[in-house]
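Q: Please choose one part of this model and take me through it closely. I would like to know how it is put together and what lies around it.

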There are 2 protein chains.
Amino acid sequence: MTAAEEQPGSAEHVLELVASGTAASRADLVRELGLAASTVSARVQELVDAGLLTEYGEGASRGGRRPRLLRIPDSGGIALAADLGSHHARVGAVGRTGATFDVTEHSFDLTAGPDRALEPLVGRLAELADRQRAAGRTVRAVGVGFPGPVDTGTGQVIAPARMPGWHLYELRDRLAERLGLPVLVDNDANMMALGEHRAAHPGLRHLVVVKAGRGIGSGVISDGRLYRGARGSAGDISHVRVDAAAERPCSCGNIGCLETVASGAAIAAELRTLGIGVDGSTDVLRLVTDGEPHATTLVRQAGRHIGAVLSVVVNFFNPEAVVLAGALAEAEPLVAAVRGMLYERCLPMATSELTITAATSGADAGLLGAGHAALRELAPGSRPVPMTPAAPR
Amino acid sequence: MTAAEEQPGSAEHVLELVASGTAASRADLVRELGLAASTVSARVQELVDAGLLTEYGEGASRGGRRPRLLRIPDSGGIALAADLGSHHARVGAVGRTGATFDVTEHSFDLTAGPDRALEPLVGRLAELADRQRAAGRTVRAVGVGFPGPVDTGTGQVIAPARMPGWHLYELRDRLAERLGLPVLVDNDANMMALGEHRAAHPGLRHLVVVKAGRGIGSGVISDGRLYRGARGSAGDISHVRVDAAAERPCSCGNIGCLETVASGAAIAAELRTLGIGVDGSTDVLRLVTDGEPHATTLVRQAGRHIGAVLSVVVNFFNPEAVVLAGALAEAEPLVAAVRGMLYERCLPMATSELTITAATSGADAGLLGAGHAALRELAPGSRPVPMTPAAPR
DNA sequence: TGGACTTCGTTCGGGTATCGAATAAAGTCC
DNA sequence: GGACTTTATTCGATACCCGAACGAAGTCCA
């Protein structure tokens with residue numbers, strides 16, 4: 001069972017079941033969807049005709065006629081995806097199956113403001129699109145994860161800390177205009193949550209994905225869908241007050257935020273005061289894996305702080321899993337510290353069946369989520385623009 | 001627009017729109033449901049025939065034919081509701097309109113264990129049922145709010161603190177058996193959340209209702225529906241660690257929980273050490289309204305502690321409203337302290353349109369929620385048991 | 001080796017829910 | 001007193017889904 005709660009039998013639902021590997025034949029779909037075999041047969045035929053689904057031979061018999069296997073052809077449509085960080089960008093293509101193609105990482109300066117940052121990004125994406133088209137794949141949409149708040153209704157960036165010039169920038173529309181493709185923009189932690197959910201934990205209904213990198217953010221999956229909250233700011237744990245952060249001023253204008261003691265940026269700053277030269281959170285990670293004691297201590301402490309905040313979240317939200325993503329999540333001490341804190345502080349009922357783990361899709365989680373979201377939202381189960389003018393509901 | 005996300009046009013949805021006052025005529029329903037007028041007309045006719053909906057004259061013209069007003073007759077079915085506390089029980093009847101009838105409060109000892117507590121409860125409910133039937137109303141179901149964790153699947157109580165003998169007690173089935181009616185049991189904070197949502201804030205999608213009484217609990221409405229989390233323990237904020245609680249042992253077996261410094265029980269205990277005789281949280285409330293300085297200080301401090309924990313919840317969950325319910329919520333200093341804490345600590349984005357308020361349905365919130373939930377779940381829009389064998393889905 | 005049974009998939013007739021147009025009823029407004 | 005609104009119902013037309021029947025392809029065992 002997939003977690004998504006769509007109309008059973010919608011084209012999107014069928015594609016998702018096949019893409020995720022949950023269903024590989026019409027008979028599987030009948031079981032998963034709970035619809036009549038005749039209905040499924042008709043729906044599948046439509047999708048095959050539309051080129052969104054392909055048959056490729058037959059599977060093993062289970063005591064009767066062999067099933068005719070279904071697959072999603074990557075030629076049926078891919079999305080370009082970009083996972084933006086403040087100083088780097090990861091760019092690649094994502095197919096409906098969850099496969100990624102042609103993933104590259106570039107250094108790239110978001111803090112220079114939209115005017116300076118947009119060009120290189122558009123350039124990378126346009127080149128990627130060309131290469132994908134040359135490989136015979138249809139580019140249907142673009143998904144972008146941005147390291148700051150995004151108004152998903154308008155596609156504008158909202159008051160990101162430490163990134164002057166971006167406030168109210170219409171990132172979605174500008175990219176769409178330049179690339180000639182529909183674009184979806186969302187917060188990077190939300191994209192990661194979507195990616196980890198689809199790639200590593202489909203089936204889970206309630207999931208919190210924490211991104212611990214230069215900054216700290218989290219994306220929330222509730223009832224199998226991304227939860228954004230009233231104003232789209234759900235998932236923020238970065239600006240929770242932590243006693244250990246005392247009076248430290250935070251980029252948000254408040255004091256004592258979690259971010260000031262547990263983010264990659266904070267740890268790097270602390271290491272620099274100790275005379276250890278580090279640049280970003282990947283440097284911090286490297287020091288930890290090399291066994292540098294100060295870095296290890298600081299990372300472990302960061303994990304404790306994050307765990308303390310998450311203990312409130314886990315008691316309140318009672319998720320099935322907490323996934324740690326971002327550069328620092330690759331540091332074992334951080335994961336261990338979070339685990340310890342959660343098991344110590346949370347109610348047994350909340351942790352007894354809780355999975356606490358590092359992201360399995362690793363650095364590509366954000367990319368996957370962005371690509372998936374774009375395909376789902378912008379390239380639904382039919383040709384470019386369906387004739388029906390967006391059913392009034 | 002109501003927040004509930006049901007099949008548009010389901011009998012339940014229609015009844016809810018009428019009950020909440022959102023729709024008062026067929027034309028209103030057409031607008032709200034987005035269905036064709038003919039469809040709505042047919043559906044309404046069915047409901048009128050079934051006695052679940054009544055016409056009562058005509059409304060004001062809006063420039064054309066006058067609408068024929070629809071109303072939910074309370075004779076169409078009510079639920080018995082009980083809001084249980086550790087030392088008292090509030091019992092009453094709830095109609096589909098949200099009206100309450102014949103509400104009474106009894107002292108009653110849950111801590112004496114199920115065998116001693118069940119009889120009086122059954123007695124009260126049976127008497128109430130008799131009176132309601134004598135008044136010409138059909139009793140369709142029973143809803144019960146229990147002050148502790150409940151497995152809503154089985155209707156069993158789960159390991160409640162300080163209430164020996166209740167673990168795994170099949171409260172739902174025992175009551176159903178004794179009363180001869182379908183029974184719904186859930187945690188009291190959940191019931192309160194449902195009640196406040198329906199009665200005071202329909203239309204809001206994301207809502208946290210905090211019950212501050214003898215204990216502290218919260219109920220969460222997400223996407224217009226009660227959110228229970230993976231194992232049904234969502235909404236717990238009582239056992240979050242608070243620095244001010246230091247090493248105080250908590251009923252949950254851990255130390256330093258919010259409950260040990262901010263619950264009515266904790267405040268009462270503290271007052272007793274000061275030589276002030278108090279019994280329950282209503283006593284505490286009385287002292288505060290009388291201006292007793294120690295009580296006021298303690299309550300204000302409790303508000304700060306609760307607010308500090310809620311600030312994490314508000315940042316993370318980004319609700320549209322935080323509603324304070326339970327006895328202590330009637331103390332102004334507590335509400336003020338929570339407000340202050342949230343505005344000070346949360347992100348502006350999370351609080352700029354956040355409503356923070358005391359429960360408007362007051363002491364009846366839990367009753368209302370229990371009644372509503374029972375009617376919704378157990379007495380859907382038709383006669384006792386529909387012929388269709390619970391559509392396989 | 002050949003039936004009996006299983007699994008997979010399609011075809012086809014029928015049921016149900018909803019829609020839209022036509023119609024009627026009742027009122028407002030100038 | 002007509003022109004236009006709003007409300008409500010009636011009546012085919014339609015889309016969607018189901019179930020039964022059937023065909024196709026395989027397994028299993030005597």
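A: Before the first helix is placed, one term is needed: two parts are in contact when they have heavy atoms within 4.5 Å of each other, and the angle quoted between two axes lies between 0 and 180 degrees and compares their N-to-C directions. The model is a predicted one, and the part chosen here is chain B, with its surroundings.

With that term in hand, we can place helix H5 of chain B, residues 171–179, which lies across strands S6 and S9 of chain B and runs at about 150° to S9(B). Both strands belong to an open sheet of five, in which the pairing is mixed and the order, read from one side to the other, is S5-S4-S3-S6-S9 of chain B. Strand S5 (100–107) and strand S9 (183–187) of chain B are the edge strands, each pairing on one side only. On average, and with direction ignored, neighbouring strands of this sheet are turned by 15° against each other. A second helix, H4 of chain B (residues 114–134), also packs on the sheet, where it touches S3, S4, S5 and strand S6 (139–146) of chain B, and its direction makes about 155° with that of S3(B).

It helps to look at one pair of strands within this sheet. Strands of a sheet pair through backbone hydrogen bonds, and they do so either in the parallel or in the antiparallel sense. Strand S3 (residues 78–84) and strand S4 (residues 88–95) of chain B run antiparallel and are joined by seven bridges; within this pair, B:Ala82 stands opposite B:Val91 in S4(B).

Further along chain B there is another open sheet of five strands, again with mixed pairing, whose order is S12-S11-S10-S13-S14 of chain B. Its edge strands, S12 (225–227) and S14 (355–358) of chain B, each pair on one side only, and its neighbouring strands are turned by 25° against each other on average when direction is ignored. Helix H10 of chain B (residues 293–317) packs on this sheet, touching strand S10 (207–212), strand S11 (216–222) and S13 of chain B, with its direction at about 165° to that of S10(B). Strand S13 of chain B (residues 321–325) pairs with S14(B) in the parallel sense over four bridges, and here B:Ala321 stands opposite B:Thr355 in S14(B). Across S13 and S14 of chain B lies helix H11 of chain B, residues 332–345, which runs at about 165° to S14(B).

Chain B also has a protein partner, since 42 of its residues are in contact with 42 residues of chain A. The two chains bury about 3,800 Å² between them, and carbon and sulfur atoms give 56% of that area. On the side of chain A, the three residues A:Arg231, A:Phe316 and A:Met349 supply 22% of the area that chain A buries against chain B, more than any other three residues.

What remains is the DNA, where chain B again appears together with chain A. Around DNA strand C there are 25 residues, of which A:Ser41, A:Arg65, A:Arg68, B:Arg43 and B:Arg66 come nearest. At least two residues of this surface come from each of helix H2 (26–33) of chain A, helix H3 (37–49) of chain A and helix H3 (37–49) of chain B. By class, the surface near DNA strand C holds five nonpolar, eleven polar and nine charged residues. From chain B, a polar side-chain atom of B:Thr39 lies 2.9 Å from a phosphate oxygen of DNA strand C, while from chain A, a polar backbone atom of A:Arg65 is 2.6 Å from a base oxygen of that strand.

DNA strand D is likewise surrounded by 25 residues, and the closest are A:Ser38, A:Arg43, A:Arg66, B:Ser41 and B:Arg68. Of the atoms of DNA strand D that come within 4 Å of the protein, sugar and phosphate account for 70%. A polar backbone atom of B:Arg68 is 2.5 Å from a phosphate oxygen of DNA strand D, and the elements that give two or more residues to this surface are H3 of chain A together with helix H2 (26–33) and H3 of chain B. Bases are approached too: an N or O atom in the side chain of A:Ser38 is 2.6 Å from a base oxygen of DNA strand D.

Conventions: Residues are numbered from 1 along each chain as its sequence is written. Chains are lettered from A and ligands numbered from 1 in the order in which they are written. This is a predicted model: local features need pLDDT of at least 70, side-chain atom pairs count only at pLDDT 80 or more; totals for chains, interfaces and linings use all residues. Side-chain values use heavy atoms; hydrogens and water are left out. Two strands pair if DSSP finds at least two bridges between them. A residue is near a molecule or strand if one of its heavy atoms lies within 4 Å of it. A polar contact is a pair of N or O atoms within 3.5 Å; within protein, one must be able to donate a hydrogen and the other to accept it, and residues adjacent in sequence count only if both atoms are side-chain atoms. Ala, Val, Leu, Ile, Met, Phe, Trp, Tyr, Cys and Pro count as nonpolar, Asp, Glu, Lys and Arg as charged, and the others, Gly among them, as polar. Buried area is the accessible area (1.4 Å probe) that two parts lose on being put together, summed over both.
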